[in-house]
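Biologist: Could you take a close look at one helix in this model, and tell me how it sits in the rest of the structure and what lies beside it?

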Amino acid sequence: MQMQSSCSPPRPKSPPMARSGIIPSSLGDGLVFTAGAFLALLIFLGLYSFLSPTPIPNRLFSFSPSFSSTSSHIDDTSDPPDETFYDDPTLTYTIDKPISNWDEKRRHWLKLHPSFSGGRERILMVSGSQPYPCRSYHGDHLLLRSLKNKADYCRLHGIQLFYNTALLNPSMNFFWAKIPVIHATMLAHPEADWIWWVDSDAIFTDMEFSLPIDQYRAHNLVLHGWPELVYKKKSWCSLNAGVFLIRNCQWSFDFMDEWASMGPQSPDYEKWGKTQTSTFKDKMFPNSDDQSGLVYLILTGKGGWRDKIYLENEYYFQGYFAEIVGRLENITARYIEEERQGPTVLRRRHAERVFLSYAKEMNVQLGRQKGADTGPTGWRRPFVTHFTGCQPCSGDRNKVYSADNCTVGMYKALNFADDQVLRIYGFRHASLVSVDVQPLPFDYPRSGG
């Protein structure tokens with residue numbers, strides 16, 4: 001059950017749209033794709049090869065720590081006897097029966113559990129993989145390392161993680177499988193304001209970065225993408241459905257119902273495949289997929305959903321691995337130099353529980369430095385590196401990628417992230433391709449090591 005989409009286009013040359021949603025001012029991973037699916041990516045690489053991406057100024061990265069779900073004031077040891085939606089025998093966790101009046105039901109639950117109300121909005125991360133062993137030699141180990149990576153990020157930022165390995169709706173397999181999981185998760189976690197879906201092949205490569213969640217308060221769905229590629233190019237590659245935030249509200253249940261209506265369990269599945277291929281000329285495979293479905297709903301305005309959908313492109317909400325992996329060593333070197341030359345607080349040893357306060361200090365330091373931008377021309381750590389098209393579990397990677405591109409690249413990204421965690425424990429990897437670690441001396445890196 002692979003759940004990732006596999007199309008990541010190059011970014012447009014024009015600066016990112018203003019942070020106000022997805023509609024331009026003029027307009028008010030998963031299935032092992034066929035070779036044609038990846039041809040779409042190559043076509044875009046050719047079309048946009050003349051464009052030089054615009055780096056994003058580091059001033060955009062205001063420090064905004066996520067809500068800590070481990071706060072001591074949370075009472076999770078008792079459940080009042082008052083009836084809630086959980087006591088309704090007609091409620092089902094399956095996606096085939098619509099959920100109604102969810103906002104009211106959730107408000108009532110929160111009223112009975114006041115310790116979960118107030119404060120910053122709560123985030124629950126959800127990821128998953130297939131319920132059976134991987135075919136690829138490295139697959140299971142890479143999934144384990146990827147899970148550890150997500151667990152590390154969540155622990156450091158006080159976010160809970162649900163990792164699913166069950167196919168909740170056998171008809172909705174491959175990349176469609178995430179929708180039933182998110183549907184059930186929203187019901188199981190009324191305390192969560194946001195569900196954060198992250199594909200199993202997406203790796204957190206900046207452990208210090210916190211989501212700017214307050215900037216999405218007017219929206220219900222946040223994805224990585226570009227309005228220009230949605231509206232002008234009409235590309236199925238204009239966004240990526242492998243990493244997204246979706247608000248825990250009635251809007252999201254209704255949206256997922258319509259989104260899922262394009263999936264393989266629907267009697268209109270074949271029709272939607274034809275509609276998508278006729279709408280998106282760069283879509284080279286016939287089946288309806290989740291990513292094309294999202295672009296279609298945004299492009300056409302069908303259902304009126306797009307006003308609440310936000311396309312994020314001001315940082316690597318998820319970044320295409322091919323433009324990231326080759327720069328990781330240089331990024332590491334730049335960060336080491338910042339620590340060496342910067343104030344003592346950047347090198348001070350500290351407890352993991354106060355990690356975010358030191359992340360804030362590094363954020364301030366980077367804000368002073370030229371070139372500390374996100375994007376292909378900057379040297380700031382990419383937030384999420386997505387190995388779309390690599391298929392680490394099946395091993396059926398896109399033929400344009402070599403083993404070095406995918407398998408070695410994933411290990412490099414995982415070690416790059418792990419070094420940021422091991423640093424708290426006084427160690428680091430000997431190199432990004434080594435399993436060996438070495439202890440760090442006091443006042444590292446000024447003292448060497």
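Modeller: In this predicted model, 16 of the 20 residues of α11 are buried (under 20% relative accessible area with a 1.4 Å probe, protein chains only), so the helix is largely enclosed by the rest of the structure. Helices here are DSSP runs of H or I with at least four residues, and strands are E runs of at least two, numbered from the N terminus. Residues are numbered from 1 along each chain as its sequence is written, local features need pLDDT of at least 70, side-chain atom pairs count only at pLDDT 80 or more, and totals for chains, interfaces and linings use all residues. Side-chain values use heavy atoms, with hydrogens and water left out.

α11 bends by about 35 degrees at glycine 409, the angle being taken between axes fitted to the seven residues ending there and the seven starting there. Its end C-alpha atoms are nevertheless 26 Å apart, which agrees with the 28 Å that its 20 residues should span at 1.5 Å a residue (1.5 Å times one less than the number of residues).

Beside the helix is the largest pocket (an open set of 1 Å grid points where a 1.4 Å probe fits, with protein on both sides within 12 Å along at least five of seven lines), which holds about 630 Å³ of space. Of its 29 lining residues, those with an atom within 4 Å of a point, the closest to the centre are Glu339, Asp419, Gln420, Arg423 and Ile424. α11 (403–422) is among the elements that give two or more residues to this lining, together with α9 (328–341), α10 (355–367) and β10 (427–429), although α9 gives the most, with five residues.

Terms used
Grid points are joined across faces, edges and corners, and a volume is the space filled by probe spheres set on the points. Buried means under 20% relative accessible area, exposed over 50%, partly exposed in between (1.4 Å probe, protein chains only).
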